[in-house]
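Thanks for coming. I have one structure for today, and I will go through a few parts of it in turn.

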Amino acid sequence: MAEIRLLELRNTYKWGGGPDKTILLSAEQHNSDRVEVVVAYVRDAKDQEFRIGEKAQAKRLIFYEIEERNKLDLRVLQKLSEIIAQHDINLIHAHDYKSDLFAFLLRRRLRPLRPAIISTMHGWALEGLRGQLFWRLDVSLMRTFDHLIAVSHATKRQMVQAGIPASLITVVHNGIDTCAWSPREVNVSIREALGLEDAFPVVGYVGRLSVEKDLHSWLRAVSLVAAEYPRARFVIVGEGRDDSLRNELCEIAEGLGIANKVRFLGYRENLAAIYATFDLFFLSSRREGICNSLLEAMAMGIPVVATDVGGTKELILHDQTGYMVSNGNVEGMAKAILQLASNTALRKELGIAGRRRIEDDFSFRARLSRIEALYERIIERRKAERIRGDCTYLQSNR
């Protein structure tokens with residue numbers, strides 16, 4: 001039996017996003033001599049489009065899918081408790097505010113076993129008063145955890161500013177499998193199938209359709225590009241929790257006069273082939289930790305334009321591996337895209353440099369080694385705490 005018996009715990013919807021790629025690939029590639037992994041996803045019982053279980057099954061993971069019938073379904077805690085007992089879990093790794101709450105409650109519920117709990121802050125997505133309330137609640141929970149992971153130094157600063165001790169947080173950047181994400185692995189063009197064979201430039205986005213991605217500004221920026229390049233086409237890949245934002249974006253595209261130039265492709269499985277159709281990748285986010293889609297695009301050798309938010313500047317070296325612009329600066333976004341569109345040599349140069357940047361500093365294997373070493377330190381510290389506790393108990397009962 002491995003020293004670390006890990007439960008990866010997550011709550012999300014449909015096909016998930018960047019964190020779910022990281023969770024499933026980690027579970028698949030962990031050194032089994034160091035870490036035994038169980039993956040558990042809590043999902044809304046009404047979510048009939050949930051497909052993460054299929055991905056986990058394809059990777060032959062030990063996977064549990066637990067239906068939640070209301071906002072705090074106590075039956076979920078019972079099922080998770082059974083999983084922890086069955087697999088002798090000694091470390092729970094949560095990945096969002098809801099799974100943070102479950103991890104917190106499980107540790108209190110399982111006090112004799114007391115598995116260590118950690119959480120990764122991938123980036124905060126909720127906005128408005130509801131988002132602020134949930135953020136404060138999550139911070140109060142995370143301060144009680146054994147350790148925390150931030151996906152960028154910017155994310156760590158946000159956590160520290162919220163009142164979490166810096167000593168409790170380790171920065172581990174997201175990583176990517178550079179063998180799977182490589183232009184060499186794509187040998188068939190699907191431009192014709194997407195109706196893009198005569199298009200230039202093809203500007204793409206891959207990710208969730210969610211408010212923090214600011215796809216309203218994305219559309220306004222590409223409409224300025226369309227005015228300069230009549231053959232330009234714009235591709236948005238991904239879905240939201242429901243169709244409301246997509247419908248809103250379609251209305252905006254119509255109002256901007258570019259509806260016939262924008263392709264909303266929804267969820268796509270073979271993303272490497274999609275990236276290969278892009279002349280450049282454009283990210284307009286208002287907030288990010290480290291965006292997995294940027295990692296994917298750069299690994300594919302696609303030049304990138306992104307807003308200077310969160311940990312993006314820790315990934316992109318401005319003017320060397322891509323362009324960064326201020327978030328909300330629609331004209332600046334369009335200018336950066338037009339500059340790349342007008343210079344073939346520059347696009348190639350940035351694409352090559354971006355690929356090299358990922359290979360050198362953001363490989364998934366290096367990230368996984370850091371995570372495993374962190375897990376081991378946490379378990380060793382927990383053992384030492386138990387030994388000290390036992391000694392104190394014995395001394396007090398002499």
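I will cover a helix, then a strand with its neighbours, then a single arginine. Keep in mind that this is a predicted model.

Start with helix 3, residues 74–86. At 1.5 Å a residue, its 13 residues should span 18 Å, and the end C-alpha atoms are 19 Å apart, which agrees. At the N-terminal end, Asp73 acts as the cap, with a side-chain oxygen 3.0 Å from the backbone nitrogen of Arg75. After the helix comes Asp88, which has a positive phi, near 50 degrees.

Which residues of helix 3 are buried? They are Val76, Leu77, Leu80, Ser81, Ile83 and Ile84. Viewed down the helix axis, these buried residues fall within an arc of 160 degrees, so they line one face of helix 3. The general background is that an α-helix has 3.6 residues a turn, so residues three or four places apart point the same way. On the other side of helix 3, Ala85 and Gln86 are exposed. As for partners, the buried residues of helix 3 pack against strand 1 (4–11), strand 2 (35–44), strand 3 (63–68), strand 4 (91–94) and helix 4 (97–109).

Next is strand 9, residues 233–237. Here 5 of the 5 residues are buried, so strand 9 is largely enclosed by the rest of the structure. Arg233, Val235 and Val237 point one way, while Phe234 and Ile236 point the other way. That fits the usual pattern: in a regular strand the side chains alternate between the two faces of the sheet.

Strand 9 has a parallel partner in strand 8, joined to it by 5 bridges, and Val203 stands opposite Phe234 there. Strand 9 also pairs in the parallel sense with strand 10 (residues 262–266), over 4 bridges. In that pairing, Val235 stands opposite Arg263. The connections are as follows. Strand 8, helix 7 (residues 215–228) and strand 9 form a right-handed β-α-β unit. Strand 9, helix 8 (residues 244–256) and strand 10 form a right-handed β-α-β unit as well.

Last, Arg191, in the loop between strand 7 (169–171) and strand 8 (202–206). Is Arg191 buried or exposed? With a relative accessible area of 17%, Arg191 is buried, because the cut-off for buried is under 20%. Its side chain makes a polar contact of 3.1 Å with that of Asp279. Other residues that Arg191 touches include Leu196, Glu197, Val202, Thr277 and Phe278. Arg191 also lies 9.1 Å from Ala273, C-alpha to C-alpha, although the two are 82 residues apart in sequence.

That is the end of my part.

Notes. Residues are numbered from 1 along each chain as its sequence is written. This is a predicted model: local features need pLDDT of at least 70, side-chain atom pairs count only at pLDDT 80 or more; totals for chains, interfaces and linings use all residues. Side-chain values use heavy atoms; hydrogens and water are left out. Helices (H or I, at least four residues) and strands (E, at least two) are DSSP runs, numbered from the N terminus. The expected span of a helix is 1.5 Å times one less than its number of residues. Buried means under 20% relative accessible area, exposed over 50%, partly exposed in between (1.4 Å probe, protein chains only). The arc is that of the directions from the helix axis to the C-beta atoms. Contact means heavy atoms within 4.5 Å. A polar contact is a pair of N or O atoms within 3.5 Å; within protein, one must be able to donate a hydrogen and the other to accept it, and residues adjacent in sequence count only if both atoms are side-chain atoms. Two strands pair if DSSP finds at least two bridges between them. A crossover is right-handed if, with the strands pointing away from the viewer, the path from the first strand over the helix to the second runs clockwise.
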